[in-house]
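Let's take a walk through this protein, starting with its charged residues and working out to the overall fold.

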Amino acid sequence: MEQEVGESLIQLGNSDGSNSSSSDPVTRVRKLLFRRMLVGIKDGRFFLGTFHCLDKQGNIILQDTIEYRSTRRSSPCPMEQRCLGLVLIPSSCQNSCHVDCSVEEQLSLLKV
């Protein structure tokens, strides 16, 4: 799933603005709107929020976001969380991306 989202992001970013080349990636990304999305970034943190927006550069905006980060092993809770609200995650920082949906919906997103 994360590869398909990434490919859609890349295709969307490389579109020349014509309807025929951009309609499929745009449609695929529209299917992701308002779904819960978990985005991992390179420093080890994860952001869980509702997918709100995507720009041509592949930056993702999540709303109602919670940040998860690991703490010291000696801590009783290995993960620390905090509520952030609206978050922009640059494409250069994104490491993984998972969307909360059923198997049937995942397969429909994979269709070309």
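## R45 and its partners

With a relative accessibility of 26%, R45 counts as partly exposed. One of its partners is E67: the two side chains form a salt bridge, with N and O 2.9 Å apart. This pair ties together distant parts of the chain, since R45 sits in the loop between strand 1 and strand 2 while E67 belongs to strand 3, 22 residues apart. E67 is tucked away from the surface: at 2% relative accessibility, E67 counts as buried.

R45 also meets D43 in a salt bridge, again at 2.9 Å from N to O. D43 is out in the open, counting as exposed at 52% relative accessibility. Put the shared partners together and you get one network of salt bridges, made up of D43, R45, E67 and R82. Keep in mind that this is a predicted model.

## A salt bridge inside a helix

How many salt bridges turn up in a search of the whole structure? The search finds five. One of them pairs R28 with D24, and here the closest N and O atoms are 4.0 Å apart. Both residues are in helix 2 (residues 19-30), and because they are four residues apart there, about one helical turn separates them.

Is R28 buried or exposed? R28 is buried, with a relative accessible area of 7%. D24, on the other hand, is partly exposed, and its relative accessible area is 33%.

## The nonpolar core

Now for the greasy part. In soluble globular proteins, nonpolar side chains tend to be buried together. Here the largest nonpolar core has 16 residues, and the members that touch the most others are M37, V39, F51, I60, L62 and I89. Several strands feed into this core with two or more residues each: strand 1 (36-41), strand 2 (46-54), strand 3 (60-70), strand 4 (79-89) and strand 5 (94-99).

V39 is a good residue to click on. Setting aside neighbours within four places in sequence, its contacts include F46, F47, I60, L62, I89 and C97. R45, from the salt-bridge network, is also in contact with V39.

## Cysteines and a surface patch

What about the cysteines? A disulfide is a covalent bond between the sulfur atoms of two cysteines. A search of the whole structure finds zero of them. C83, in strand 4, is exposed, with a relative accessible area of 67%. Beyond residues up to four places away in sequence, C83 touches T65 and I66. The C-alpha atoms of C83 and E67 are 6.4 Å apart, though their positions lie 16 residues apart along the chain. Another cysteine, C53, is partly exposed at 30% relative accessible area.

There is also some nonpolar character on the outside: V103, L107 and L110 make a surface patch of about 270 Å². L107 is part of helix 3, which covers residues 103-110.

## The whole picture

Which elements make up the fold? The protein has three helices and five strands, and along the sequence they follow the pattern α-α-β-β-β-β-β-α. Of the contacts with a separation of 6 or more, 47% are between residues 24 or more positions apart.

Of the 112 residues, 31% count as buried. The accessible surface comes to about 7200 Å², and 52% of that belongs to carbon and sulfur atoms.

Note on methods:
Residues numbered from 1 in each chain as written. Predicted model: local features only at pLDDT ≥ 70, side-chain atom pairs only at ≥ 80, totals over all residues. Heavy atoms only, no water. Core = buried A, V, L, I, M, F, W, Y, C linked by side-chain atoms within 4.5 Å. Buried < 20%, exposed > 50% of the residue type's maximum accessible area, 1.4 Å probe, protein only. Contact = heavy atoms within 4.5 Å. Areas by Shrake-Rupley, 256 points an atom, 1.4 Å probe, with all protein chains shown as cover. Patch = residues over 30% accessible without salt bridge, like charges linked within 9 Å, V, L, I, M, F, W, Y side chains within 5 Å. Disulfide = S-S within 2.5 Å.
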